[in-house]
Amino acid sequence: MIRTKHIALALAFGVAATALQAQDLRIGLQEDPDVLDPDQSRTFVGRIVYASMCDKLVDITPGLEIIPQLATGWQWSDDGLQLTMTLREGVVFHDGTAFNAEAVAANIDRSQNLPESRRKSELGSITGVEVVDDHTIAFTLGAPDATLLAQFADRAGMMLSPTAFEAAGTDFGLNPVCSGPFSFVERIQQDRIVLDRFADYWNADAINVDSVTFLPMPDTTVRLANLRAGDLDMLERLAATDVASVQADDSLTMEQAVSLGYQGITINVANGAGADNPLGQDERIRQALSLSIDRNVINQVVFEGAFAPGNQPFPPTSPWYNDAYPVPERDVEAARSLLAEAGFADGIDITVQVPNNPVQLQMMQVVQAMASEAGINIELQAKEFATLLADQSAGDYQASQVGWSGRVDPDGNIHQFMTTDGGINDSAYSNPEVDRLLNEARTSTDTDVRLASYNAARDILIEDTPIIYLYHVTWIWALDDAVQGFVPYPDGMIRLEGVTLAE
Amino acid sequence: MLAFIGRRILIAIPTIILISVFVFTLQHLLPGDPILVLAGEERDPEVLEFLREKYRLNDPIPVQYLAWVGNALQGDLGISLRTNQPVLELIGEKLPVTLQLATMALIIAMVIGIPAGVLSAYKKGTWIDWVANIVALSGLSVPNFWLGIMMILLVSVQLGWLPASGYQPFADDPLQSIKTMLMPAFVLGTAIAATLMRHTRSAMLSVLKSDYIRTARAKGLAERVVLVKHALRNALVPIVTVTTLIFGELLAGAVLTEQIFTIPGFGKLVVDAVFNRDYAVVQGIVLCTGIAFIFMNLLADVAQRILNPRMRDK
Amino acid sequence: MSALTASQTPAGTLPKKRSRFWAKMRKNPAALLGGALVLFFVIVAVMAPLMPIVDPTATDWLAVRQAPSAAHPFGTDEIGRDVLSRMIWGAQASLLAGVVSVAIAVCLGVPLGVAAGYMGGWTDAVISRVTEALLAAPFLILAIALAAFLGPNLTNAMIAIGVSAMPIFIRLSRAQTMSVMTEDYVESARAVGLKPLVLVRRYILPNIFPPLLVQATLTIATAIIAEASLSFLGLGQQPPAPSWGSMLNVAKNFLEQAPWMALYPGAAIFLVVLGFNLLGDGLRDALDPRDH
């Protein structure tokens with residue numbers, strides 16, 4: 001009798017305990033990620049999934065310091081041409097393969113040599129990889145590269161199981177195997193991505209949920225409704241206009257972090273025939289456009305003050321921001337006189353292409369209204385994304401409203417846009433002095449030297465204004481009260497170490 | 001009848017070819033480069049060119065089309081450029097979802113619409129007619145995405161009666177499956193119910209005035225029998241036509257409803273694929289829906305002939 | 001079957017007596033209401049440039065999302081524009097979207113459908129196959145394609161909606177034509193050698209009219225809504241030009257903060273749709289050749 005009672009109690013307890021255990025954290029995403037292969041992946045939202053699934057050599061703190069993850073220590077040689085890293089011991093991939101220097105070498109080889117790999121330019125400086133011993137690896141560089149560690153903190157540094165990718169080749173993304181806190185279970189396109197807790201994770205103690213389900217929900221209103229209805233536990237990219245409502249809601253919490261990227265207007269200065277117009281040829285007109293815009297008002301009106309006005313590729317809070325050029329106040333008079341100087345005292349007509357999504361359109365309509373007061377008449381061309389990209393890259397545009405999601409290393413926000421053969425230099429801006437300064441900044445590991453180079457480049461760029469920076473998005477997460485321990489990071493990633501889900 | 005069906009199936013083949021050529025050409029003529037779109041933020045020109053070669057996107061359009069046909073005949077519909085997933089697998093994933101949504105929506109529409117139409121025609125001019133019309137038109141005059149959001153806010157957020165999103169395969173958990181699909185099916189169904197109701201009403205009105213009905217009534221048949229067995233049956237021609245067309249449309253996917261309720265069906269997949277220039281996905285789905293439409297049309301024509309034997313070939 | 005006895009006059013051309021038509025319409029309060037609604041909105045749309053209202057594209061960032069007041073009777077939208085003014089100007093876009101799309105669908109679709117039903121054989125086969133092809137290409141693909149080729153705007157949206165609505169008119173008119181062709185009086189008229197065009201005009205058109213009218217009024221409604229749906233995807237009327245559909249699309253993100261942004265366009269769409277459908281009903285009843 002007593003025994004059965006004990007057994008019954010134990011069972012009940014056990015059942016209750018396991019019921020408490022089976023915790024699934026449901027995260028609402030803005031988009032459906034692309035292929036789940038870090039080497040082939042190219043979207044921001046894909047990185048959010050990797051943050052839970054794939055560990056990297058190093059990680060960052062919210063203050064953008066580089067900290068160990070799969071690598072516990074590293075050392076640069078004096079000439080900056082060799083990086084030796086010590087690897088963490090006792091780490092295994094989700095399929096049981098051991099993590100060691102061989103695995104790292106295989107990964108770097110794949111990232112550099114797989115034809116479909118998008119990581120080639122990120123690891124372009126690595127000319128040789130040497131397996132010193134099981135847990136030490138040495139990279140030889142062709143030239144000093146200040147950005148390398150930051151690259152290792154992103155997809156280029158994500159370690160995939162060599163067993164898995166040797167077997168699957170380019171199909172690795174259909175069944176990814178990494179070494180992060182959660183392992184891949186299933187993915188149904190545009191429906192869900194499910195990950196399960198990896199029992200043998202080296203930092204398993206920091207993980208408190210049993211599974212993670214990512215649910216893409218493109219419409220912000222719907223995403224928030226799902227959170228409120230209890231069908232989500234947290235979501236990313238809350239609309240700025242919903243902030244007040246979430247703050248007023250007792251059952252929800254909000255976290256935010258200013259992003260690493262920017263939004264602005266890229267102007268075609270030399271990319272084909274599209275640049276043959278006053279806006280593209282005369283920097284005074286570009287400066288006038290920039291002066292006619294009240295960035296603070298845009299932030300207030302369109303984003304309820306939640307974002308950060310900006311005038312440089314880095315937000316004003318960034319250590320790389322050049323304080324010599326603060327965010328300018330609107331100055332219609334100065335804009336008008338610049339236009340007059342350039343010969344357009346009666347005003348000028350320009351066209352700006354915009355992606356046809358409501359927020360960007362709304363923002364540009366405010367810009368349009370502001371610019372018209374200074375005599376700059378903007379015709380907005382809303383284009384469907386594919387067409388916009390095609391036109392931009394071919395130079396079929398005068399000005400284009402585009403943004404950039406941002407990179408940890410400042411080089412990532414500026415080099416490929418502003419250098420003469422930069423990969424994403426759609427404005428075809430070219431200035432040898434700027435090239436020299438940006439390359440200098442890239443190859444020095446001395447922060448002071450780099451800052452000086454960027455500042456010197458800014459002196460030129462603020463005059464030439466090939467890109468008019470407008471604002472920096474703030475990543476805003478909304479969470480159910482039951483989710484505790486979430487730390488916001490400026491790279492927009494959701495790191496689940498330390499996050500708990502109350503019942 | 002069998003000969004008729006057989007002929008139609010034969011003719012279906014050139015039709016499908018026509019559809020696939022049309023959509024293929026249209027897509028490839030669209031401005032925009034899929035590799036560039038899918039490149040997102042990583043635009044390494046070497047890699048992009050490699051991918052264009054790999055997926056034969058530099059080949060002339062007819063060559064690409066023939067390659068697609070060749071593969072399709074072997075059961076390979078290509079892969080999604082975005083996620084590398086085989087298109088056939090994608091279709092297999094989404095088809096049951098769309099089928100379930102379409103069926104549920106149509107059932108709701110028929111259950112509401114046809115009786116309402118019959119009643120409204122029968123009681124023409126009375127307040128019943130008025131009310132039925134206004135209710136039906138309400139279902140029609142509110143955009144799907146709007147009604148959907150309102151329903152989520154009311155039913156899921158405020159009342160907590162039904163989940164706001166998610167999909168459960170019917171085979172796994174029928175009850176939960178229906179719960180997740182109920183709101184989207186309702187949203188879709190009410191809009192269609194209006195169409196069905198109006199067509200039913202109109203057709204019934206025409207028929208009720210005919211001598212045939214007068215005769216039936218004169219014979220002393222019960223009103224209900226007159227209504228259903230005689231009037232409705234004859235009014236069915238336009239109703240059947242419209243219903244099969246609507247079902248075909250539903251099968252093509254209800255994009256906005258799927259987006260609002262996060263139902264992973266065809267509609268959303270196709271629209272995203274067109275925006276992303278994910279050619280193979282669009283091609284595969286259009287092939288599917290094309291076959292579905294042809295089948296639905298055939299069904300409609302067969303039904304017509306059964307209902308009105310005089311409409312067979314002269 | 002819908003057989004007609006000799007005592008019933010064969011469905012003639014549209015009633016020669018206009019007075020009978022108007023008499024029937026007058027007696028139908030629903031139709032009158034519908035007509036009044038449609039007329040009201042048409043007048044508003046046509047008179048928009050002449051009305052003493054503010055510029056619908058004038059932004060005022062100090063007055064963002066303000067509730068209805070004396071200065072702004074319908075409130076302001078997300079960048080401070082006057083909702084009333086946008087409603088009035090938007091009427092043009094939305095009504096055009098409805099009417100032009102249906103006009104395209106009817107003018108192209110009905111002749112094709114009648115031809116298919118009347119002539120049968122190869123004509124029918126070809127037209128039916130083309131219809132199926134049109135149906136299989138989803139409406140949104142067509143809309144996106146047009147937008148990609150020619151830019152997203154209202155005109156392309158109307159063309160896309162119109163072309164996509166054609167199949168249903170083709171199918172309906174075909175089915176109805178085939179049904180009417182089986183009538184005894186039609187068969188005898190053919191036997192007598194009545195010219196095809198006369199036959200179509202005198203017998204077929206009046207009889208296929210009712211369901212087509214119903215479908216047309218329904219399609220106007222779905223076209224106006226389709227324009228709203230296209231705005232959801234960033235196609236259709238582009239800002240800053242207003243349309244009820246695009247206004248509704250933006251308003252859904254501000255349901256809590258500014259419900260008036262959704263209320264007015266939503267109500268307007270509802271009333272216009274109701275109006276067209278009631279009017280259509282009334283017309284259908286008044287013109288029904290069997291109503292003697």
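How many residues does the contact take from chain B and from chain C? The count is 58 residues from chain B and 51 residues from chain C. Keep in mind that this is a predicted model. Below is a quick tour of that contact, then of chain C, and then of the domains and sheets of chain A.

**Where chain B meets chain C**
- On the chain B side, helix 13 (residues 279–307) of chain B gives the largest share of what touches chain C, namely eight residues.
- Sorted by class, the side of chain B that touches chain C has 35 nonpolar, 18 polar and five charged residues.

**Chain C overall**
- Chain C has 10 helices and zero strands, so its pattern along the sequence reads α-α-α-α-α-α-α-α-α-α.
- Along the principal axes, the C-alpha atoms of chain C fill a box of roughly 75 × 45 × 30 Å.
- Of the 292 residues in chain C, 57% are buried.
- Take the contacts in chain C with a separation of 6 or more: 73% of them link residues 24 or more positions apart.

**A glycine to look at: C:Gly236**
- You'll find C:Gly236 in the loop between helix 8 (196–232) and helix 9 (244–251) of chain C.
- Is C:Gly236 buried or exposed? C:Gly236 counts as buried because it has 30 C-beta neighbours inside 10 Å, and the cut-off for buried is 20 or more.
- Leaving out residues up to four places away in sequence, C:Gly236 touches, among them, C:Pro152, C:Leu154 and C:Ala157, as well as C:Ser243, C:Gly245 and C:Ser246.
- C:Gln66 sits 170 residues from C:Gly236 in sequence, and the C-alpha to C-alpha distance between the two is 26 Å.

**Chain A: confidence and domains**
- The average pLDDT of chain A is 90, and 96% of the residues score at least 70.
- Residues 13–19 of chain A are another story: pLDDT stays under 50 there, and the model has zero contacts for them beyond four places in sequence.
- Where pLDDT is low, the predicted coordinates should not be read in detail.
- The domain assignment splits chain A into domain 1 (23–32 + 180–258 + 476–501), domain 2 (55–172) and domain 3 (262–472).
- Taken over C-alpha atoms, the centres of domain 1 and domain 2 of chain A are 28 Å apart.
- Domain 1 of chain A puts 11 residues into its contact with domain 2 of chain A, which puts in nine residues.
- On the domain 1 side of that contact in chain A, seven residues are nonpolar, two are polar and two are charged.

**Chain A: strand 17 and its partners**
- Strand 17 (residues 399–404) of chain A is largely enclosed by the rest of the structure, because five of its six residues are buried.
- Strand 13 (residues 262–267) of chain A runs antiparallel to strand 17 of chain A, with six bridges joining them; in this neighbourhood, A:Gly264 stands opposite A:Val402.
- Strand 15 (residues 348–355) of chain A runs parallel to strand 17 of chain A and is joined to it by two bridges, and A:Val352 has A:Ala399 as its bridge partner.

**Chain A: a four-strand sheet**
- Four strands of chain A make an open, antiparallel sheet in the order 4-5-7-6.
- Strand 4 (71–76) and strand 6 (126–133) of chain A are the edge strands, each pairing on one side only.
- On average, neighbouring strands of this sheet are turned by 20° against each other, direction ignored.
- Five bridges hold the antiparallel pair of strand 5 (residues 82–87) and strand 7 (residues 136–141) of chain A, with A:Thr84 opposite A:Ala138.
- Helix 3 (residues 101–113) of chain A packs on the sheet and touches strand 5, strand 6 and strand 7 of chain A; its direction makes about 165° with that of strand 6 of chain A.

Technical notes: Residues numbered from 1 in each chain as written. Chains lettered and ligands numbered in written order. Predicted model: local features only at pLDDT ≥ 70, side-chain atom pairs only at ≥ 80, totals over all residues. Contact = placed C-beta atoms within 7 Å. Nonpolar A, V, L, I, M, F, W, Y, C, P; charged D, E, K, R; others polar. Buried ≥ 20, exposed ≤ 12 C-beta atoms within 10 Å, placed from the backbone. pLDDT = per-residue confidence, 0-100. Domains from an automatic or database assignment. Pairing = 2+ DSSP bridges. Axes fitted to C-alpha atoms, helices over the stretch in contact; angles between N-to-C directions.
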